[in-house]
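Good morning, and thank you for making time on the agenda. I would like to take the group through one structure, starting with a particular contact and then widening the view.

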Amino acid sequence: MMFLVDAFELDTLYRCGNLGFDFAGTFPYLVSTAVLLIKIFVPILLIIFGMLDLGKAVAASKEDEIKKGQQMFIKRAVAAVIVFFVIQIVQLLIGFVSNRDRSVSNCFNCFVNGKINDNGCIPTDTINY
């Protein structure tokens, strides 16, 4: 699944901005891949389950079951939107909080979006096993 994020060299040590800690390339790769999969699959699953609930209610042909199904579908659709946008909202908040020191924002961008650049995930050394 290397195509999901930038090409992290898994046997390379990276430094996260100016924060002063080193980590292997596997860690931001796994975190960014997990975040991407959550952003894609959780909203899709929530909407599918909501549609199934609504379909069951319509098939039951009872007015109160249909209303319950509609309410459940709306709740799941709202939850899907929240899950999809929560990472962007957190990233925006971190950008506001760290507007003078971009290293925190760049480090967050490294782990969540898998971005390798001069300010975020900086390659420092190769791991010798």
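Arg-76 has a relative accessibility of 22%, so this residue is classed as partly exposed. Please bear in mind throughout that we are looking at a predicted model. Arg-76 forms a salt bridge with Asp-53, and the closest N and O atoms of the two are 3.3 Å apart. The pair links distant parts of the chain, with Arg-76 in helix H2 and Asp-53 in helix H1, 23 residues apart. Asp-53 has a relative accessible area of 22%, so Asp-53 is partly exposed as well. A search of the whole structure finds one salt bridge.

Let us stay with helix H2, which covers residues 63–97 and includes Ala-77. Is Ala-77 buried, partly exposed or exposed? Its relative accessibility is 25%, and because the buried class requires under 20%, Ala-77 counts as partly exposed. Ala-77 and Met-51 are separated by 26 residues in sequence, while their C-alpha atoms are 9.6 Å apart in space.

I turn now to helix H1, which spans residues 26–60 and contains Phe-49. Phe-49 has 41% relative accessibility and therefore counts as partly exposed. Which residues join Phe-49 in a nonpolar patch on the surface? They are Ile-40, Phe-41, Ile-44, Leu-45, Ile-48 and Leu-52. Together with Phe-49, these residues have about 630 Å² of accessible area. For the protein chain as a whole, the exposed area is about 8400 Å², and carbon and sulfur atoms supply 66% of it.

The next topic is aromatic contacts. A pair of aromatic rings is described by the distance of the centres and the angle of the planes. This structure holds one aromatic pair. Its members are Phe-84 and Phe-85, with ring centres 5.0 Å apart and planes at 85°, so the arrangement is edge-to-face. Phe-84 has a relative accessible area of 36% and is therefore partly exposed. Phe-85, with a relative accessible area of 42%, is also partly exposed.

From the surface we move to the interior. Buried residues make up 27% of the 129 residues in the protein chain. The largest nonpolar core has seven residues, namely Tyr-14, Cys-16, Phe-23, Cys-107, Cys-110, Phe-111 and Cys-121. Two elements give two or more residues to this core: strand E1, residues 12–16, and helix H3, residues 102–113. Which element gives the most? Helix H3 does, with three residues.

A word on strand E2, which runs over residues 22–24 and includes Ala-24. Ala-24 has 24% relative accessibility and so counts as partly exposed. Between Ala-24 and Leu-13, the C-alpha distance is 4.6 Å, although the two are 11 residues apart in sequence.

Finally, the overall arrangement. The protein chain has three helices and three strands. In what order do these elements run from the N terminus? The order is β-β-α-α-α-β. As for contacts with a separation of 6 or more, 61% are between residues 24 or more positions apart.

To recapitulate, the one salt bridge found in the search joins Arg-76 to Asp-53, the one aromatic pair is edge-to-face, and the largest nonpolar core has seven residues. Thank you for your attention; I welcome your comments.

Conventions:
Residues numbered from 1 in each chain as written. Predicted model: local features only at pLDDT ≥ 70, side-chain atom pairs only at ≥ 80, totals over all residues. Heavy atoms only, no water. Patch = residues over 30% accessible without salt bridge, like charges linked within 9 Å, V, L, I, M, F, W, Y side chains within 5 Å. Areas by Shrake-Rupley, 256 points an atom, 1.4 Å probe, with all protein chains shown as cover. Salt bridge = Lys/Arg side-chain N within 4 Å of Asp/Glu carboxyl O. Helix = DSSP H or I, 4+ residues; strand = E, 2+ residues; numbered from the N terminus. Buried < 20%, exposed > 50% of the residue type's maximum accessible area, 1.4 Å probe, protein only. Contact = heavy atoms within 4.5 Å. Core = buried A, V, L, I, M, F, W, Y, C linked by side-chain atoms within 4.5 Å. Phe/Tyr/Trp six-rings, centres within 6.5 Å; stacked < 30°, edge-to-face > 60°.
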